[in-house]
Amino acid sequence: MATKKNGPVITLGVILGIGLAAPRFTGSAPGFYLEVLLGGLMAGGLYSLVALGFVLIFKASGVFNFAQGAMVLFAALALARLAEWLPGWVGIPAGLPALALAFVLATGIMVALAWVIERVVLRPLVAQDPAALLMATLGVTFFLDGFGQTIWGSDIYKIDLGISKDPTFILESMFQGGILVSKEDLVATVIAALLVLMLAIFFQKTATGRALRAVADDHQAAQSIGIPLNRIWVIVWAVAGFVALVAGMVWGAKLGVQFSLSQLALKALPVVILGGFTSIPGAILGGLIIGVGEKMAEVFLGPPVIKLFDLAGGGIENWFAYVLALLFLMVRPEGLFGEKHIDRV
Amino acid sequence: MFYRENGQFKSNYTEDQQILGIRQDRWFIFGLIAFAACAMPYIASDYMFRAILIPFLIVSLAAIGLNLLVGYCGQISLGHAAFMAVGAYAAYNLVVHFPGLNFIVVLVLAGLISALVGIFFGLPSLQIKGLYLGVATLAAQFFVDWVFARVKWFTNYSPSGSVSTATVELFGWTIDTPIKKYLFILAVVIVFTLMAKNLVRGHIGRSWMAMRDMDVAAEVIGIRPMYAKLTAFAVSAFYAGVAGALWGFLHLGSWEPAAFSINFSLNLLFMIIIGGMGSILGSFIGAAFIVLLPLFLNQTLLLLNKLGMNVGTAMASHLEFMIFGALIVFFLIVEPLGIARLWAVAKEKLRLWPFPH
Amino acid sequence: MSERKIGEVILDVKNISLSFGGVKALQGISFDVREHEVRAIIGPNGAGKSSMLNCINGVYHPQEGEIIYKGEVRRDMDTHHAAENGIARTFQNLALFKGMSVLDNIMTGRNLKMKTGVLAQAFHLGPARAEELRERAFVEHVIDFLEIQPYRKTPVGRLPYGLQKRVDLGRALAAQPQVLLLDEPMAGMNMEEKQDMCRFVLDINDEFGTTVVLIEHDMGVVMDISDRVLVLDYGKKIGDGSPDVVRNDPEVIKAYLGVSH
């Protein structure tokens, strides 16, 4: 069965490879190419963060949490506003100390929120097909949008991580003028990498992490050796809520906290399709591929396409991820690392 | 005791398969149509036509289309507004390049073009389903958004990216006032609803429902999945296309691509979830709900403000989101077949009333 | 009661082997089915009986072997081709269309005969209307035959299990098949329901001359109504012949450990 599909997968891989390498030869400076690549990687890392929470929940409980994106927005809002209000409430100095306390509070809020979503929305629907869950979590997204803005307010807020917004130039020795990267993106990537590392250690080295992996593998077997399923799910959702908070913090610092953040809810879909619903490395790789692909398509594919078809501007980014996911679906629905589904009569 | 079927016998199959089998239903529906066509024009204000009735009717049409695909055939479409966009732009270009073409012909052609696009974007459904198909339809939505925003030919090289339409003329009758628009749209909706009801009770409708309920068994008894799914996409896109053309020409007058964005698609989806999937009546109920709720909330807020409570106007839109979201979740959990099902259950009880059983 | 004349071989299964990954569901099975006969397939659970039926009507595609149906040799069957050429079946797990009524479920069985296009149906024009009424009349015959008239408008999900099985049978019958594959039609039924079902199967065979291939666990039923019996065990054929012959076959007795229901 696998051999039948290998042909198209290889073709897809070759096309991706060409797409990745081709811009290198369009005559633009190699430094510029590297800039776009790095920019794409960093954006992709942020997508991965969102997809990570999604995969975690699915791995442990088989539930599709498409509200993850909405949770990210909610978390970012909570963080931004609490950081603003805390100095007035408890006299803690504004800036990083307020932010740190806000972070702790927000973690609590997110854990509680994640638990509520799981209990109220997803557990009753657990037997239904994923499309119903998708629509239910779309409903949750809308609800959180309105609710979040009611509680936290509807302006655009800032999260100030204390990083300067000045761009820096790296690798000045290798490329003329150096490569332009944003400090924020760098910090974001570092934070994301740290988070992944933390999660990896958690899953591999701790007893709870082992229990989580057992539950992900086989609910009944895990139960039969005494692992308390309900408690595990609460923990998983708490972790997902925490991941949403970190993602919200990072994205919010970069973009400002605004509604478009919950569009991330939809973007997570192509990422997990590419990476497979049950794979953490897949979520990371999927996010990176999408991040890079989008940027590359917009920057390098855009201009020639615009010229060729006499278009009124770019915007390939808006659909690139989805079309890429569609191609993957036709060729390899289980994603790069996911498990195959077999339909039996 | 009013809703009794006593004495209403069906003596042949023709009578048995009528759309409106119970006499009371027939009176009700005909009465409703008569009221809508004859009384409404005198009762309702211009505002009611423009803000409530016309959008309600057009959106019901699109909702019926989506319901045929999702509720009856069990597929999924997260980007249905894209088909509305295709219909609207197709109609616009037809009018621009073939002036003098009869408007009904324009509508039908726009619908057919949309149907073709629907078949094309329905092709993935032959390989993937459920959630994955949803992502494919999202790809369609965003791609179509981009095409109409960027490919200048579609907007007739308009510098601003938006298009405007002239007043519609049909057989010498100028459709310029809200009342005339309303009557025309009402006629279209009545015809299309009848068509949908016919399709659903015919063998194509049954094959759609078979695909929804158990596609493997359907294939085994000889139903061709490809034919069933693609006709569902085609008919559904046809409805959406006509609705889109009506929306653009008779409701908006001029529009830009963002008029048919993902928010519209999601609203359509919410309509059929709340109203009832797999029910034509449900499409109307859902449409009414989605059109009326924001207006209702606005009025309530104004009232509250008058009473002294200081509620911001943005609150209305937040509440709208919250109520929609909560209702979606509620209906999906409690009654996936929506308000239409609740209504059907109520009717059952009504048949017995005042007896308990 | 008309004399049932058993005709020539209508279905010939040659050397079918089917495996899923490492699991060998069927190994080198060969048997034939004659027209107008009632052929039973029996065997312990997991013997491959359902898989065999699935191969015959094209749901599974065997890795080896051929199926010769009405003289046409096929490496594997295609479900649509099977349905078009007179093979219909019921399912072990019912597979009814839960969202539809009994009447609509059985009407879907007539789908292959209904040819009018979408446009004609949308406007309920002459040909579409005539076709719908004609097929409805036919389906009502099936409903009469199976004695489920009072339930015709009931959603199938609300019916008790025994009646659902009858609807499943009705849907298969609606297609006017030449060969009817029944997958455990009497599973989960009580004595009365089984008698009813037996009566239906025999009537179908008698009145319409339909060839019946049925999988069944109840030995009493099998011995009573079948002309020939095929015995499978672990994907292999261990017996083939008249009920009496098979009943006394030591291999078969060994496979069942002498247990009959």
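A polar contact is taken here as a pair of N or O atoms within 3.5 Å, where, within protein, one atom must be able to donate a hydrogen and the other to accept it. In this predicted model, that rule finds 0 residue pairs in polar contact across the interface of chain B and chain A, counting pairs with both residues at pLDDT 80 or more. The search for salt bridges across this interface likewise returns 0.

What, then, makes up the side of chain B that touches chain A? Its residues divide into 31 nonpolar, 5 polar and 3 charged. Helix 6 (130-150), helix 10 (262-275) and helix 12 (314-334) of chain B each supply at least two residues to this side, and helix 6 gives the most, with 12 residues.

In terms of extent, 39 residues of chain B are in contact with 48 residues of chain A. The area buried between the two chains comes to about 3,800 Å², and carbon and sulfur atoms give 81% of this area. On the chain B side, Leu131(B), Tyr132(B) and Trp146(B) lose the most area to chain A, together accounting for 17% of what that side buries.

Turning to the backbone of chain C, two residues deserve a look. Ala95(C), in the loop between strand 6 (87-89) and helix 3 (102-108), has a phi near 55 degrees, a positive value in a residue other than glycine. With a relative accessible area of 10%, Ala95(C) is buried. His124(C), also not a glycine, has a positive phi of about 50 degrees and sits in the loop between helix 4 (118-122) and helix 5 (126-145) of chain C. The relative accessible area of His124(C) is 13%, so this residue counts as buried.

Key: Residues are numbered from 1 along each chain as its sequence is written. Chains are lettered from A and ligands numbered from 1 in the order in which they are written. This is a predicted model: local features need pLDDT of at least 70, side-chain atom pairs count only at pLDDT 80 or more; totals for chains, interfaces and linings use all residues. Side-chain values use heavy atoms; hydrogens and water are left out. Contact means heavy atoms within 4.5 Å. Buried area is the accessible area (1.4 Å probe) that two parts lose on being put together, summed over both. A salt bridge is a side-chain nitrogen of Lys or Arg within 4 Å of a carboxyl oxygen of Asp or Glu. A polar contact is a pair of N or O atoms within 3.5 Å; within protein, one must be able to donate a hydrogen and the other to accept it, and residues adjacent in sequence count only if both atoms are side-chain atoms. Helices (H or I, at least four residues) and strands (E, at least two) are DSSP runs, numbered from the N terminus. Ala, Val, Leu, Ile, Met, Phe, Trp, Tyr, Cys and Pro count as nonpolar, Asp, Glu, Lys and Arg as charged, and the others, Gly among them, as polar. Buried means under 20% relative accessible area, exposed over 50%, partly exposed in between (1.4 Å probe, protein chains only).
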